[in-house]
Structures are given as C-alpha cells and as structure tokens.
Amino acid sequence: MTDLIQTERDGAILTLRFNRADKKNAITAAMYAGAAQALKAAEADGTVRVVIITGAGDAFTAGNDLKDFAENPPKDSGAPVFQFMAALAGFTKPVIAAVNGVAVGIGTTLLLHCDLALAVPNAKFSLPFVNLALVPEFGSSLLLERFVGLRKAQELLMSGETFDAQTALNFGLVSALVAPEELLGAAKAKAQALAAKPPSALRAAKALIRGDLANVNARIAAEAKVFGEQLQSAELQEAVAAFFAKRAPDFSRFS
Ligand code: COA
C-alpha cells in the first residue's frame with residue numbers, strides 16, 4: 001500500500017491518515033486505493049471497532065489531486081475513488097473525522113458519511129466542484145441538505161464558497177471545535193467510548209440513522225456519471241490550468 005495513506009492501530013481503534021502534507025494531502029488514485037483497502041480490511045477485522053480519519057500536517061485534505069484527476073480520470077465504478085466512496089458510505093462501524101485543517105471537496109463531502117466529526121478552530125471547508133467545472137460528488141447533492149437545509153445546500157454547492165469552522169459547527173457538519181494539539185486525543189476519547197458499546201447495537205443504530213444506503217449509492221453513481229463527463233470537458237481543462245498557473249479561470253468562451 002502507498003505510504004501516502006498511513007494507518008495506526010491503538011487497541012480497537014484504527015486511525016487512517018492522509019499523509020501527503022506537502023500537497024495539503026491532495027488525494028491521488030493510489031491514495032484512494034490505499035484508503036479503500038484499509039477501510040475494507042477494517043470492516044472485515046472484528047477487533048477494529050472504530051475508525052478515525054485525519055490528515056497529516058496542517059491540512060485535512062485538499063480533495064482530489066487535480067493533476068492526477070485531469071491526467072488519469074476515473075474510468076468506471078471500479079476506479080479507486082469509487083472503491084473508497086463505496087467502502088466509506090457502506091462502512092458498518094462508527095467513523096470519526098478529526099478535521100485538522102483545510103477540508104476541500106471530498107474533504108468536506110466525506111464528513112457526510114462519518115458518524116462524528118471534530119475540527120480545529122481554523123479549519124476551512126469548501127465544495128468547489130462547480131468552480132472546477134465539476135459537479136457535487138459522494139452523495140453530497142443528496143446528503144448535504146440533511147445537514148444544512150436545501151437553500152443553504154444549493155448555495156454551498158453552487159457557489160463553492162469557503163466557510164469556516166464556526167459555520168461548520170453552526171451547520172452541524174462538525175459537532176465540536178478542538179484545539180489542534182488536543183484534536184486527536186479528543187477523537188480517540190470519543191472513539192474509545194464508542195468502542196466500549198455493544199457492537200451489534202451500534203452497527204444497527206448507524207444503519208438506521210444512515211437510512212436507505214441503496215438510495216445514497218444510486219445518487220453517488222448518478223453524480224459520478226456527470227462528474228466523469230465533466231472531467232473530459234474543456235471547461236475542466238481551463239479550471240485546472242488556471243489553478244496551477246495561479247490565475248483566475250476564464251469561462252467566458254463556453255456556452
Ligand atoms: N491537487 C493537486 N495539488 C494540490 C492540490 C490539489 N487538489 N491542492 C494543493 N496542491 C498543491 C499545490 O499545487 C502546492 O504544490 P507546490 O508546493 O508544488 O506548488 C501545494 O499543494 C501546497 O498548496 P498551496 O496552494 O500552496 O497551499 P495553501 O495553503 O496556499 O492553500 C488550499 C491550500 C487547499 C486552499 C489550496 O491548495 C487549494 O485551493 N487547492 C485546490 C483544492 C481543490 O480545488 N481541490 C479539488 C476539489 S474537487
């Protein structure tokens with residue numbers, strides 16, 4: 001497995017870390033594959049009771065690696081990014097996000113599939129899909145509304161505007177703000193409390209709260225189809241070129 005995904009076992013708790021701090025933990029296909037593999041192994045291992053997801057350095061994750069995505073777009077539902085989404089969306093045990101910094105794109109949408117989320121006070125969140133000529137992914141076009149209401153979901157998903165940790169707390173997207181040096185300890189304390197609970201009751205509660213997984217998976221697939229089409233678009237080429245050239249994109253020639 002790639003060392004850009006790090007796993008660490010502490011009793012019944014598995015911590016999965018995006019470990020590419022120099023690129024703000026932007027996620028490549030190899031990293032998605034590694035994270036999917038780690039989640040599948042944790043699902044199958046009865047001694048793992050809770051998973052914590054966090055990032056190395058000062059970022060949670062800058063989302064999809066734009067270079068990797070533009071050059072090697074996911075081809076079908078077997079692509080690593082979709083393996084990761086399926087593994088997390090269908091994960092039966094509690095998952096806690098410890099958001100240690102900026103959470104862009106899937107860094108924010110993966111929170112919709114976690115059972116608890118804590119963040120540092122200077123964390124920043126955004127869903128910049130449309131700004132990149134993409135569309136909402138990982139079920140966010142369906143699930144964000146559950147957290148923030150339809151009107152706010154429309155605004156966040158269409159504007160792609162960044163919001164701060166206090167706003168994420170107000171939305172209920174995270175449940176507490178914790179100082180950086182205490183974040184992992186706080187996440188582990190929550191994880192230990194959950195690990196001590198009766199596991200089958202906890203799994204059943206999680207499944208009931210999540211609701212219809214088939215519906216969520218159908219939306220993930222529908223989003224992925226359009227996302228894949230947009231990845232091939234000239235609009236996306238312009239957005240990615242602008243990001244790496246550190247300039248504003250110009251979409252005026254598109255209709
Ligand atoms: N894909 C590929 N590389 C990325 C990246 C991404 N999503 N996000 C950051 N990086 C790289 C930068 O190119 C830079 O590389 P360099 O040091 O070789 O120049 C490095 O990571 C650090 O990023 P930088 O932009 O200098 O850090 P910052 O603290 O000023 O800003 C972010 C951090 C996350 C706000 C900013 O990098 C950003 O907006 N990234 C793009 C996020 C995005 O659009 N993700 C896709 C969602 S679908």
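Aspartate 45 and arginine 9 form a salt bridge, with their closest N and O atoms 3.4 Å apart; the term denotes a side-chain nitrogen of Lys or Arg within 4 Å of a carboxyl oxygen of Asp or Glu. Aspartate 45 sits in the loop between α1 (29-44) and β3 (50-55) and arginine 9 in strand β1 (residues 5-10), so this pair ties together parts that are 36 residues apart in sequence. Helices (H or I, at least four residues) and strands (E, at least two) are DSSP runs, numbered from the N terminus.

I should state that this is a predicted model, in which local features need pLDDT of at least 70, side-chain atom pairs count only at pLDDT 80 or more, and totals for chains, interfaces and linings use all residues. Residues are numbered from 1 along each chain as its sequence is written, and side-chain values use heavy atoms, with hydrogens and water left out.

Are the two partners buried or exposed? Aspartate 45, at 27% relative accessibility, counts as partly exposed, and arginine 9, at 39%, also counts as partly exposed. Here buried means under 20% relative accessible area, exposed over 50%, and partly exposed in between (1.4 Å probe, protein chains only).

Let us turn to a second pair. Aspartate 65 forms a salt bridge with arginine 20, their closest N and O atoms being 2.6 Å apart. This pair links distant parts of the chain, 45 residues apart. Both aspartate 65 and arginine 20 are buried.

A third salt bridge joins glutamate 155 and lysine 152 at 3.2 Å, N to O. These residues are three apart in helix α6 (residues 150-159), and are therefore separated by about one helical turn.

In total, the structure holds 10 salt bridges.
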